[in-house]
Amino acid sequence: MKLKNTVGILVSAAMVASAAPAMAQYAGSVEASAFAKRYDASSSRDLDHGGLVGGTLGYFVNDNVLLNMGLGTYNNLTHSPSGFASDDADGRLSHLEAVYHFGQTNIRPYLSGGFAHQELDQANS
């Protein structure tokens, strides 16, 4: 059983390494992705955990600089202030960022910076 797992890992690694040139990032290319994240709210805000799902779209200005924008929605957040009945709260997260990639190898570290706006619907108590 251990040999099967090892062979599977090696084959998967070889496939990823061979596909890396096909995912080249160069000037003028567009990058799109989807995401799903778990949101753990601060207890000081009287919010319980929820999910964040959304997507991003990016454009490579040159071989190293990516301009990226994204939009996501919060689902299943529960607002439960002390002494009141709990209520659902949904919201949105949008962001705009610039990403600088270092080097031209298969593994490219990066530095990013940008702005984001988060909006949560007001819960009725």
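Q: Why is Phe102 called partly exposed?
A: In this predicted model, Phe102 has a relative accessible area of 41%. Buried means under 20% and exposed means over 50%, so Phe102, at 41%, counts as partly exposed.

Q: What makes Tyr100 and Phe102 an aromatic pair, and why is the pair called edge-to-face?
A: Their ring centres are 5.0 Å apart, and rings pair if the centres lie within 6.5 Å. The planes sit at 80 degrees to each other; over 60 counts as edge-to-face, so that's the label. It's the one aromatic pair in the structure.

Q: How do you know that Arg92 and Glu119 form a salt bridge?
A: Check the closest N and O atoms: they're 2.9 Å apart. The cut-off is within 4 Å, so the pair passes. The structure holds one salt bridge.

Q: Why does this salt bridge tie together parts that are 27 residues apart in sequence?
A: Arg92 lies in strand 4 (residues 87-101), while Glu119 lies in strand 5 (residues 110-120), so the bridge ties those parts together.

Q: Is Arg92 buried, exposed or something in between, and what makes it so?
A: Arg92 has 34% relative accessibility, so it counts as partly exposed. Its partner Glu119, at 36%, gets that label too.

Q: What makes Tyr59 suitable for a nonpolar surface patch?
A: Tyr59 has a relative accessible area of 42%, and patch residues need over 30%, so Tyr59 clears that cut-off. Tyr59 is found in strand 2, and the patch it helps make covers about 660 Å², with Val30 and Leu57 among the other members.

Methods
Residues are numbered from 1 along each chain as its sequence is written. This is a predicted model: local features need pLDDT of at least 70, side-chain atom pairs count only at pLDDT 80 or more; totals for chains, interfaces and linings use all residues. Side-chain values use heavy atoms; hydrogens and water are left out. Rings of Phe, Tyr and Trp (its six-membered ring) pair if their centres lie within 6.5 Å; planes under 30 degrees apart count as stacked, over 60 as edge-to-face and the rest as tilted. Buried means under 20% relative accessible area, exposed over 50%, partly exposed in between (1.4 Å probe, protein chains only). Patches are made of residues with over 30% relative accessible area and no salt bridge: like charges are joined within 9 Å, nonpolar side chains (Val, Leu, Ile, Met, Phe, Trp, Tyr) within 5 Å. Accessible areas come from the Shrake-Rupley method with a 1.4 Å probe; for residues, only the protein chains shown count as cover. A salt bridge is a side-chain nitrogen of Lys or Arg within 4 Å of a carboxyl oxygen of Asp or Glu. Helices (H or I, at least four residues) and strands (E, at least two) are DSSP runs, numbered from the N terminus.
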